[in-house]
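Here's a quick briefing to read with the model open beside you. Have a look at the chain first, then go through the notes by topic.

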Amino acid sequence: MPPIVESKRYKWVALSNTTIGTLMVTINASILLIALPDIFRGIGLNPLSPGNTSYFLWILMGFLLVTSVLVVSFGRVGDIFGRVKMYTLGFAIFTVFSIALSVTWMTGSNAALWIIIMRVGQGVGGAFIFANSMAIITDAFPAGERGFAIGIQGVAAIGGSFIGLLLGGLLAPVEWRLVFLVSVPFGIFSTLWAYFRLHDNGVRIKANIDWIGNIAFAVGLVAVLTGIVYGLQ
């Protein structure tokens, strides 16, 4: 009986933690849409000046680009090395780069470049979270209840996009660094929670990663974004 009880409790722990992860990633994907004007004012850079358009687009799109490119590969990495381990690593990476973004001390183009690099690192953590959260839920829930759990994840993903817009509009006028800092307490808590409470229920699979395909995919996306940047310039 105790193992059954633990199993019933564990699925809700897994769903709660992965839902927070999905919310964090989707909130951070959209939070800059409203906050960008305040961020550029805060670092003293005009994004519409000649030569600065690239900063504007890379800050806006870098996170989504990295997450989109790596999510498939990181899902395979989770299958090989353990989904919970990779998921927890993603939470830790995401939190570290959120802290780095919130303590930006530079101004001008140096600050913009710092934000771009840190957003890329944040996107790596987001890719780990996205790639493995659904697999953790699949392992934790019985077949008859997976649809409900996956639906909750879908609602969290859609809701996070709207919450990000709201938080960006509320926090950025007060202090633009709060846009990045808001994720830190949840990231620290959820990283520790995942480390101590989640465990792998799935079977690890030995497999190869299609590095050529992923590199080609990444090059294609970067080429499209670069074309947009220079087209606007």
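**The chain at a glance**

Of the 233 residues in this chain, 47% count as buried. Keep in mind that you're looking at a predicted model. The chain has nine helices and zero strands, so the pattern along the sequence simply reads α-α-α-α-α-α-α-α-α. Its radius of gyration is 19 Å, close to the 17 Å that the globule rule gives for 233 residues, so the chain is as compact as a globular protein of that length.

**Overall build**

- Along its principal axes, the C-alpha trace spans about 65 × 40 × 25 Å.
- Take the contacts between residues at least 6 apart in sequence: 87% of them join residues at least 24 apart.

**Aromatic pairs**

- The count of aromatic pairs comes to 10.
- One of them is Phe63 with Phe94, an edge-to-face pair with 6.4 Å centre to centre and 80° between the planes.
- That pair links distant parts of the chain, with Phe63 sitting in helix α3 (residues 53-81) and Phe94 in helix α4 (residues 83-102), 31 residues apart.
- Phe63 and Phe94 are both buried.
- Phe189 and Trp193 make a tilted pair, at 5.5 Å centre to centre and 40° between the planes.
- Phe189 and Trp193 are about one helical turn apart, because four residues separate them in helix α8 (residues 184-197).
- Phe189 counts as exposed because its relative accessibility is 51%, and the cut-off for exposed is over 50%.
- There's also an aromatic cluster, formed by Trp12, Phe141 and Phe148.

**The largest pocket**

- The largest pocket holds about 160 Å³ of space.
- Its lining is made up of Ile20, Leu23, Met24, Ile27, Asn28, Leu167, Val182, Ser183 and Phe186.
- Helix α1 (residues 2-30) gives the most to that lining, with five residues.
- By character, the lining residues divide into seven nonpolar, two polar and no charged.

**Asn17**

- You'll find Asn17 in helix α1.
- Asn17 has a relative accessible area of 0%, so Asn17 is buried.
- What does Asn17 touch, not counting residues up to four places away in sequence? The answer is Tyr87, Phe91, Ser190, Trp193, Ala194 and Leu198.
- Trp193, then, turns up twice: as a contact of Asn17 and as the partner of Phe189 in the tilted pair.
- The C-alpha atoms of Asn17 and Ser133 are separated by 8.8 Å, though these residues are 116 residues apart along the chain.

**Ala156**

- Ala156 has its place in helix α6 (residues 146-171).
- Is Ala156 buried or exposed? Ala156 counts as buried because its relative accessibility is 7%, and the cut-off for buried is under 20%.
- Leaving aside neighbours within four places in sequence, Ala156 is in contact with Thr19, Thr22, Leu23 and Thr26.
- Leu23 is worth finding on screen, as Leu23 is a contact of Ala156 and also lines the largest pocket.
- Between the C-alpha atoms of Ala156 and Gly21 the separation is 9.3 Å, with the two residues 135 residues apart along the chain.

Note on methods. Residues are numbered from 1 along each chain as its sequence is written. This is a predicted model: local features need pLDDT of at least 70, side-chain atom pairs count only at pLDDT 80 or more; totals for chains, interfaces and linings use all residues. Side-chain values use heavy atoms; hydrogens and water are left out. Rings of Phe, Tyr and Trp (its six-membered ring) pair if their centres lie within 6.5 Å; planes under 30 degrees apart count as stacked, over 60 as edge-to-face and the rest as tilted. Helices (H or I, at least four residues) and strands (E, at least two) are DSSP runs, numbered from the N terminus. Buried means under 20% relative accessible area, exposed over 50%, partly exposed in between (1.4 Å probe, protein chains only). On a 1 Å grid over the protein atoms alone, a cavity is a set of points where a 1.4 Å probe fits but cannot get out, and a pocket is an open set with protein on both sides within 12 Å along at least five of seven lines; lining residues have an atom within 4 Å of a point. Grid points are joined across faces, edges and corners, and a volume is the space filled by probe spheres set on the points. Ala, Val, Leu, Ile, Met, Phe, Trp, Tyr, Cys and Pro count as nonpolar, Asp, Glu, Lys and Arg as charged, and the others, Gly among them, as polar. Contact means heavy atoms within 4.5 Å. The radius of gyration is taken over C-alpha atoms; the globule rule is 2.2 Å times the number of residues to the power 0.38.
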